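Work through these exercises with the model open. Try each task before reading its solution.

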Amino acid sequence: MTLTVRTRVAIVGAGPAGLLLSHLLAEAGIESVVVDSRTREEIESTIRAGILEQGTVEILDSLGDHSRARSLGHRHDGIELRVDGEGHRIDFPSLVGRSVWLYPQHEVLTDLIAARLAGGQDLRFGIVAERIDDAETDRPRVVGVDADGQPVVIDAEFVVGADGSRSVVRSTVTGSRFGGHLREYPFAWFGILTEAPPSADELIYSNSPDGFALISQRSATVQRMYFQCDPETDTAAYSEAQLWDELQKRVPGTTLEEGPIFQRDVLRFRSFVAHELRRGRVAIVGDAAHTVPPTGAKGMNLAVADVILLDRAIRSLLLQGDERRIDEFADAARRRIWKAQHFSWWMTSMLHASPDASDFDRLRQRGELRSIVESEAGRTYLAEAYTGWPFATA
Ligand SMILES: Cc1cc2nc3c(=O)[nH]c(=O)nc-3n(C[C@H](O)[C@H](O)[C@H](O)COP(=O)(O)OP(=O)(O)OC[C@H]3O[C@@H](n4cnc5c(N)ncnc54)[C@H](O)[C@@H]3O)c2cc1C
């Protein structure tokens with residue numbers, strides 16, 4: 001028996017992109033169904049992004065009381081770039097009049113799910129989308145299975161792939177599972193979560209002779225920190241004491257507050273942009289469409305920017321029968337995607353020590369960092385990109 005569901009917009013993926021899109025569409029009276037292969041509990045407990053651009057927080061404000069970003073999150077008015085132990089603060093409000101918010105992605109998802117369910121939204125967990133049929137017709141369909149192996153078909157007027165970096169919807173849009181522009185990096189981040197007080201009030205991005213480290217915060221009692229490592233590193237290869245040594249030697253000038261380490265992971269870096277973002281009545285957004293290395297904290301924020309554009313395009317298509325915005329969607333989204341790709345690549349290449357770097361490369365990198373921290377124009381560019389360019393308003 002196949003379970004058939006009919007809706008106006010079928011959204012694959014209950015990550016930030018898929019959930020936010022369903023929320024925005026509902027505000028315009030457009031019904032959608034969101035499916036995700038994971039359970040609600042898994043989605044609400046997976047630790048990922050932490051930095052929200054100011055524009056992202058403003059969009060989340062439309063959830064009303066369901067958004068706790070301003071009450072539980074922390075506004076950060078700057079970051080520190082540390083070069084050879086010397087700290088340089090990038091003060092966002094004085095440079096660009098904006099800030100960022102530290103509010104973990106799983107809390108954003110918890111808020112979005114609560115808001116969607118309170119609004120009577122059709123959210124279905126444990127459903128794996130396997131393929132999309134009839135993409136170039138007015139009735140595209142998501143074909144998948146539920147947790148019991150029962151076939152599921154979602155008949156829609158538009159299908160959105162918000163199914164993350166291993167997207168299955170992408171192959172419908174680009175013609176192949178990995179069709180896109182790709183860059184890989186010869187280093188990764190070793191990330192830890194520790195039960196300890198904060199070591200600093202704001203994020204520290206440190207470039208040191210031993211490689212890069214990021215000292216980040218989660219709450220008064222839990223901290224997130226990363227250090228540059230080889231992508232093949234085994235997370236079990238380090239004792240806790242060795243992990244603290246690796247981190248500490250990369251942030252000369254700060255004594256880290258140590259505590260028990262209760263999570264460790266290795267995060268590989270990729271820059272990717274799919275060759276196409278839409279085919280017929282199927283579009284991809286967020287990590288399904290692009291991924292960035294985490295250094296610029298752009299991934300989730302870029303997903304939000306895609307969704308704002310796609311929401312408007314789908315409204316025009318389904319409410320007014322106007323196809324212009326959907327035809328323009330991919331080009332409009334790519335303008336910001338490539339700016340964010342550049343910024344993420346630039347932060348990554350400026351702050352990390354490449355394993356094959358020559359003395360020239362290392363000294364040039366110091367020159368690049370100094371040309372940013374010692375110049376108001378340089379600091380302003382960094383602040384503008386980090387806090388986020390304005391979202392499209394028209
Ligand atoms: C450690 C880390 C730190 C990060 N820090 C930041 C940061 O500070 N700021 C920032 O902006 N970004 C950051 N990012 C990136 C950010 O987490 C992602 O860009 C963001 O999650 C993308 O959202 P999305 O909705 O596109 O995809 P995802 O969050 O990946 O959601 C996709 C969803 O689709 C579901 N799915 C996948 N395949 C299927 C299928 N076949 N059928 C049904 N469901 C499916 C998945 O279960 C998942 O729930 C970080 C990422 C990591 C890993």
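**Exercise 1. A pair within one helix**

By about how many helical turns are Glu 368 and Arg 364 separated in helix α11?

Solution. Note that this is a predicted model.
- Step 1: Locate the pair. Both residues lie in helix α11, residues 359-373.
- Step 2: Use the spacing. Glu 368 and Arg 364 are four residues apart, so about one helical turn separates them.
- Step 3: Check the contact. The closest N and O atoms of Glu 368 and Arg 364 are 3.1 Å apart, and the two form a salt bridge. The cut-off is 4 Å.
- Step 4: Classify the exposure. Glu 368 has a relative accessible area of 17% and is buried, because buried means under 20%. Arg 364, at 40%, is partly exposed.

**Exercise 2. A pair across the sequence**

Find which parts the pair Glu 107 and Arg 68 ties together.

Solution.
- Step 1: Confirm the salt bridge. The side chains of Glu 107 and Arg 68 meet at 2.8 Å, N to O.
- Step 2: Place each residue. Glu 107 sits in helix α6 (residues 105-118), while Arg 68 is in the loop between α3 (54-60) and α4 (69-72).
- Step 3: Conclude. The pair therefore links parts that are 39 residues apart in sequence.
- Step 4: Add the exposure. Glu 107 is partly exposed at 21% relative accessible area. Arg 68 is partly exposed as well, at 26%.

**Exercise 3. Another bridge, then the count**

Classify Asp 61 and Arg 70 by exposure, then give the count of salt bridges.

Solution.
- Step 1: Asp 61 and Arg 70 form a salt bridge, with their closest N and O atoms 2.8 Å apart.
- Step 2: Asp 61 has a relative accessible area of 33%, so it is partly exposed. Arg 70, at 41%, is also partly exposed.
- Step 3: The count comes to 32 salt bridges.

**Exercise 4. Two packed helices**

Describe how α10 and α12 pack, and what kinds of residue make the contact.

Solution.
- Step 1: Choose the descriptors. Two packed helices are described by the angle between their axes and the distance between the axes.
- Step 2: Read them off. Helix α10 (residues 324-351) packs on helix α12 (residues 376-387) at an angle of about 120°, with the axes 11 Å apart.
- Step 3: Name the arrangement. α10 and α12 are therefore oblique to each other. The crossing is left-handed.
- Step 4: List the contact. From α10 come His 342, Phe 343, Trp 346 and Met 347; from α12 come Tyr 381, Leu 382, Ala 385 and Tyr 386.
- Step 5: Sort the residues. Seven are nonpolar, one is polar and none is charged.

Key. Residues numbered from 1 in each chain as written. Predicted model: local features only at pLDDT ≥ 70, side-chain atom pairs only at ≥ 80, totals over all residues. Heavy atoms only, no water. Axes fitted to C-alpha atoms, helices over the stretch in contact; angles between N-to-C directions. Parallel < 35°, antiparallel > 145°, perpendicular 65-115°, else oblique. Left-handed = near helix turned anticlockwise from the far one by under 90°. Contact = heavy atoms within 4.5 Å. Nonpolar A, V, L, I, M, F, W, Y, C, P; charged D, E, K, R; others polar. Buried < 20%, exposed > 50% of the residue type's maximum accessible area, 1.4 Å probe, protein only.
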